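Me: I would like to go through this structure by asking what stands behind each term. Please set the values against the definitions.

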Amino acid sequence: MRTMQKFLKSWYFKVLCALAVFGIALMIRAAASGSADVFLSQAVSVISQPFLNFSSSVTNSVNDFLDRFVNAEENYLRVRELEKELLEANKKIIDYDKTLRENEQLRELLKLKETNPDYEFEPAAVIGRDSTNRFYSFTVDVGSLNGVEEADPVITPDGVLVGIVWEVGPTYSHVRTILDISVQVGGYDSSTRDSGIVTGDITLSSEGVCKLKYLPKESGIASGNIIVTSGIGGVFPKDLPIGTVRSIEVDSSGLSLVAEIVPFADVENITEVMVIKSFNGQSTGFSDSDTAKAEEDGENE
Amino acid sequence: MTEHFRRKVMKFVTCALIVFAAYIIQTTPGFFEFFGISPILVLPACICIAVFEGEFAGGLFGFIMGLFCDSASETVFGFNALVYLVLCVGAGLLTIYVFRRSTMNIMLLCLGAIFIRSALEFFFSFMLYNYEDLEGFFYTVIAPQIVLTSIFSLPFCVLFRKLHAFFEPDETKE
């Protein structure tokens, strides 16, 4: 066994002392300069960095793998929480879309209000369509609680005639379109001023086209002319655009002309409408001159 | 090159690889953590080298690996190198002059070494700056780390004992 004295005299001890002094010098230098010895720390980093990188990547992979099992319950709860958050976010998106739609409607409404200050509108969304109805009638989300009444005209947000309120519930209304044979609208050619009755046709409705009947035989009506409401009868306001003339022919009796009208409104696909609750010269309920509800109801039955 | 020299070189290369592996494991974030506490693996490994291979080899390994630890820690550069050097030389000398190389003694040496190292770090890095709630920090971070490191000194003790027996069969028999 070596003695302590022998160790203290050995070159081992001297080397160890030198290392200790070197260590102290390193510490003093680092403390004084506030940073590590650049050469030494870089040398150590160069040696260890590749191994540490490899080790880190392995650790991360293993941890990710184990995380699925170790934190399964926590992850499950987190998923539940995120699902709730997603649901709330979806609700917000729906609200946002609704607000956006209302905003667009209100902008259109504002334009219509400027040109027709006497109109009182109720914006409405199409919430249902009867798939068996060939005249594209639909249900809107406003009813008597919103001040909507039977025979109120229904237009697009940009002011084009769509149809008429046929039945009113507290929170909904059924609307029949201008393609419906039961709906009759007084209209006239804005160019020639020749007037007639706009109504649906069983064969033409599938094409999204309606008819203007009872035009004088000597009328100068031509294809492309614009047909607007006449306002006679007080059901529809005057000068609501209806559509353009597609073709003209003599009626079967040979006494008058009939024109096929392509409506401006995309009746089949419309999703947003405006119900005109009141306007100057409005009559209450259905008028014989503008509609034939009673007769058509009888026919339908 | 004699057989004895070749064996010595192989032995110290193996020691270096083990200590370096311990350093990599210790330094890799999240690899060897228990409730957020990582054991200091390099110090028990160097202590074991000092115990089995002598104070000079232990001191040298301690100093070099201390430098590695310094590059990865926020202590003053050179702190770990100096402390590991002194502790390993001390452990080597204590094994020669005072203790036997029993597993319990080696574990106690490791516990003492890690306690001194942690106490010095705690004093120089925290107590001197008079941070708040230092007592809580000691009991929740430093003390569990000391305990954890002591526990992990056992596998190093077994490993280096076997390594020593493998490369120095004659010395082990004596």
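Reply: To begin, 25 residues of chain A are in contact with 24 residues of chain B. This is a predicted model, in which local features need pLDDT of at least 70, side-chain atom pairs count only at pLDDT 80 or more, and totals for chains, interfaces and linings use all residues. Residues are numbered from 1 along each chain as its sequence is written, and chains are lettered from A and ligands numbered from 1 in the order in which they are written.

Me: What makes two residues count as in contact?

Reply: Their C-beta atoms, placed from the backbone, lie within 7 Å.

Me: How do you know what to make of residues 292–301 of chain A?

Reply: pLDDT, the predictor's confidence in each residue, runs from 0 to 100. Over residues 292–301 of chain A pLDDT stays under 50. Where pLDDT is low, the predicted coordinates should not be read in detail.

Me: Why is strand S6 of chain A called mostly covered?

Reply: A residue is buried if 20 or more other C-beta atoms, placed from the backbone, lie within 10 Å of its own. In S6(A), residues 184–189, 6 of 6 residues are buried, so by that definition the strand is mostly covered.

Me: What makes S6(A) and S7(A) a pair?

Reply: Strands are DSSP runs (E, at least two residues), numbered from the N terminus, and two of them pair if DSSP finds at least two bridges between them. S6(A) and S7(A) have 5 bridges, in the antiparallel sense, so they pair.

Terms used
A residue is buried if 20 or more other C-beta atoms lie within 10 Å of its own, exposed if 12 or fewer, and partly exposed in between; C-beta atoms are placed from the backbone. Helices (H or I, at least four residues) and strands (E, at least two) are DSSP runs, numbered from the N terminus.
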